[in-house]
Amino acid sequence: MEILAGILNFFLFLFIFNIMFSLVSFALNIYRNRETAKKLESEIKAKVAANNQEHEVQEMVIDEVCGAELPKDKAYILTQENGTKKYFCSWECRQRYIQDNLLQEKMLPQ
Ligand SMILES: [Zn+2]
């Protein structure tokens, strides 16, 4: 009878230990997930801030045909034979510049 009680006690101990272990790992997981979420959130915020700054310091260029001022990455570009670049607000302005200056078109727009 004592042996049986010993075995039952052993299983009861295993059972309780198992539950406690599960609870601890569950709590640990929640904690870790929260830390990961915080880290990701701050990384995303930093990236958004950097991106905004990039756009604030965006270089502006002037279209020589119509005089429009526009951000460099939105402009149509014409690279001349001497390597200098011209920027235009539209494909039409770029074409007009080519015609007005009797340039041969060689480069595709950006
Ligand atoms: Zn233009």
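Lysine 47 is exposed, because just 10 other C-beta atoms lie within 10 Å of its own, and the cut-off for exposed is 12 or fewer. Keep in mind that this is a predicted model. Lysine 47 sits in helix α1, which covers residues 2-56. Between the C-alpha atoms of lysine 47 and glutamate 81 there are 38 Å, with 34 residues separating the two along the chain.

Lysine 39 belongs to helix α1 too. With 10 other C-beta atoms within 10 Å, lysine 39 is exposed. From the C-alpha atom of lysine 39 to that of leucine 102 the separation is 57 Å, and along the chain they are 63 residues apart.

Now the chain as a whole. Two helices and four strands make up its secondary structure, and the order from the N terminus is α-β-β-β-β-α. The domain assignment splits the chain into domain 1, residues 1-57, and domain 2, residues 60-100. Taken over C-alpha atoms, the domain centres are 57 Å apart.

The overall dimensions come next. The box filled by the C-alpha atoms, taken along the principal axes, is roughly 110 × 25 × 20 Å. The radius of gyration is 34 Å, whereas a compact globule of 110 residues would have one near 13 Å. Buried residues are 7% of the 110 in the chain. As for contacts with a separation of 6 or more, 28% of them involve residues 24 or more positions apart.

So where is the largest nonpolar core, and which residues make it up? It has six residues: Ala75, Tyr76, Leu78, Tyr87, Phe88 and Cys93. Strands β3 (76-79) and β4 (85-88) are the elements that give two or more residues to this core.

One of the core residues is phenylalanine 88. Leaving out residues up to four places away in sequence, phenylalanine 88 touches Asp63, Val65, Ala75, Tyr76, Leu78, Cys93, Arg94 and Tyr97. Among these contacts, Ala75, Tyr76, Leu78 and Cys93 are also listed in the core.

Let me turn to the two strands. β3 and β4 run antiparallel and are joined by four bridges. Threonine 79 has lysine 85 in β4 as its bridge partner, and leucine 78 stands opposite lysine 86, also in β4. Five residues lie between the strands of this hairpin, where glycine 83 takes a positive phi near 95°.

Which residues of β3 are on the covered face, and which on the uncovered one? Tyr76 and Leu78 are on the covered face, while Ile77 and Thr79 are on the uncovered face. In a regular strand, side chains alternate between the two faces of the sheet. Tyr76 and Leu78, the covered pair, are also members of the nonpolar core.

Last, confidence. The chain has a mean pLDDT of 88, and 91% of its residues reach 70 or more. By element, the lowest confidence is in α1, with a mean of 91, and the highest is in β4, with 95.

To recap, the chain has a radius of gyration of 34 Å and two domains whose centres are 57 Å apart. Lysine 47 and lysine 39 are in helix α1, and the six-residue core draws two or more residues from each of β3 and β4.

Technical notes: Residues are numbered from 1 along each chain as its sequence is written. This is a predicted model: local features need pLDDT of at least 70, side-chain atom pairs count only at pLDDT 80 or more; totals for chains, interfaces and linings use all residues. A nonpolar core is a set of buried Ala, Val, Leu, Ile, Met, Phe, Trp, Tyr and Cys residues joined through C-beta atoms within 7 Å. A residue is buried if 20 or more other C-beta atoms lie within 10 Å of its own, exposed if 12 or fewer, and partly exposed in between; C-beta atoms are placed from the backbone. Two residues are in contact if their C-beta atoms, placed from the backbone, lie within 7 Å. Domain bounds come from an automatic or database domain assignment. Two strands pair if DSSP finds at least two bridges between them. The radius of gyration is taken over C-alpha atoms; the globule rule is 2.2 Å times the number of residues to the power 0.38. pLDDT is the predictor's confidence in each residue, from 0 to 100.
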